[in-house]
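Please open the model in a viewer and keep the sequence panel visible. The tour proceeds by selection, with a short account of what is found at each stop.

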Amino acid sequence: MSPEGVRAAYERVRAEVGPAVTVVVATKYVALEDMAVLVEAGVEVVGENRAQDLELKHAEYRDAFRWHFIGHLQSNKVKVVNRTCELVHSLASDSAARRLEIPALVEVNLAGEATKSGIPPEEIDELRGLADVRGLMTMPPLAADSEASRPYFARLRELAAAHGFAELSMGTSQDYRVAAEEGATLVRVGSALFAE
């Protein structure tokens, strides 16, 4: 993983999604010492999946990035997220919502997959009343063809509009282009930047 390679990939993704979309670099598989490569590559926003990794990386790199939490949010980890992040993409429980002090996106499980976090669409208003909810996030079923994600992204955009939300976190390395076409305001990209 070289700073030049990451910078080139990062700039390519940013150009593809356009200036209205925030590229959140997913750091789940980036080792603590490799975070320096992201600094050198000009990455601005990082998204971490695990609270303990977030704490370690934030202690080392603090103001080098804007920090987002993109993993499953357990209520006992909310304190760490409140201290370090500007946005949570994965709010999906009442207990976490009650403890959260920063803005959040509600994670909606549109495919009803048992293996994924998120709430059914009819529970959005419940969480909205408990936290500062700015929008929605979803993870469509894994598919070889990025076009398979389009109906899920379109559905999330419709749900956001119906609830008056501006922010949409959808799209990962496999389907961020489709997500941007469907109205994503944030895309979460990892492997697309690190595969050299």
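The stops below cover two pockets, a strand residue, several salt bridges and two loop residues. The model is a predicted one.

**Stop 1: the largest pocket**

Begin by selecting K28, N49, I70, M139 and T172, the residues closest to the centre of the largest pocket. The space within the largest pocket amounts to about 750 Å³. Its lining is made up of 31 residues. By class, the lining residues comprise 12 nonpolar, 13 polar and six charged. Next, display α3 (51-61), β8 (186-189) and α9 (191-194), each of which supplies at least two residues of this lining.

**Stop 2: the second largest pocket**

Now select Y10, R14, A15, V17, G18, P19, V21, T22, V23, E44, V45 and R66, which line the second largest pocket. This pocket has a volume of about 150 Å³. Which element gives the largest share of the lining of the second largest pocket? That element is α1, with four residues. If α1 (3-17) and β1 (22-26) are coloured, two elements that each supply at least two lining residues become visible. In terms of character, seven residues of the lining are nonpolar, two are polar and three are charged.

**Stop 3: S90 in strand β4**

Proceed to strand β4, which covers residues 87-91, and select S90 within it. Is S90 buried or exposed? Its relative accessibility is 1%, so S90 counts as buried, the cut-off for buried being under 20%.

Show the side chain of S90 together with the backbone of G71. A polar atom of that side chain lies 2.3 Å from the backbone oxygen of G71. To view the surroundings, add F69, I70, G71, H72, L73, L105, E107 and M137; S90 is in contact with these residues when its neighbours within four places in sequence are left aside.

**Stop 4: a salt bridge between two helices**

Side chains of opposite charge can pair when their charged atoms come close. In the whole structure, a search finds 13 salt bridges. Select E55 and R83, which form one of them, with the closest N and O atoms 2.7 Å apart. E55 belongs to helix α3 and R83 to helix α4 (residues 78-84), so this pair ties together parts that are 28 residues apart in sequence.

The two partners may then be examined for accessibility. E55, at 37% relative accessibility, counts as partly exposed, whereas R83, at 53%, counts as exposed.

**Stop 5: the network around R150**

Move to R150 and E181, whose side chains meet in a salt bridge of 2.5 Å, N to O. R150 lies in helix α7 (residues 150-163) and E181 in helix α8 (residues 176-181), so parts 31 residues apart in sequence are tied together by the pair. E181 has a relative accessibility of 55% and therefore counts as exposed.

Keep R150 selected and add E182. These two residues also form a salt bridge, the closest N and O atoms being 2.9 Å apart. E182 is located in the loop between α8 and β8, so its pairing with R150 in α7 ties together parts that are 32 residues apart in sequence. E182 counts as buried, at 12% relative accessibility. Finally, extend the selection to E147, R150, R157, E181 and E182, which are joined into one network by salt bridges that share partners.

**Stop 6: P141 in a loop**

Select P141, found in the loop between β6 (133-137) and α7. With a relative accessibility of 22%, P141 counts as partly exposed. Then add A111, E113, K116 and Y152, with which P141 is in contact when neighbours within four places in sequence are left aside. A distance may also be drawn from P141 to N109: the two C-alpha atoms are 9.7 Å apart in space, and the residues are 32 apart in sequence.

**Stop 7: S93 after strand β4**

The last selection is S93, in the loop between β4 and α5 (94-99). S93 is partly exposed, its relative accessible area being 23%. Show the side chains of S93 and S95, which are joined by a polar contact of 3.4 Å. To finish, draw a line from S93 to S149: C-alpha to C-alpha, they are 24 Å apart in space, and 56 residues separate them in sequence.

Note on methods:
Residues numbered from 1 in each chain as written. Predicted model: local features only at pLDDT ≥ 70, side-chain atom pairs only at ≥ 80, totals over all residues. Heavy atoms only, no water. Buried < 20%, exposed > 50% of the residue type's maximum accessible area, 1.4 Å probe, protein only. Polar contact = N/O pair within 3.5 Å; in protein donor to acceptor, adjacent residues only side chain to side chain. Contact = heavy atoms within 4.5 Å. 1 Å grid on protein atoms, 1.4 Å probe; cavity = no way out; pocket = protein on both sides within 12 Å on 5 of 7 lines; lining within 4 Å. Points joined across faces, edges and corners; volume = space filled by probe spheres on them. Nonpolar A, V, L, I, M, F, W, Y, C, P; charged D, E, K, R; others polar. Salt bridge = Lys/Arg side-chain N within 4 Å of Asp/Glu carboxyl O.
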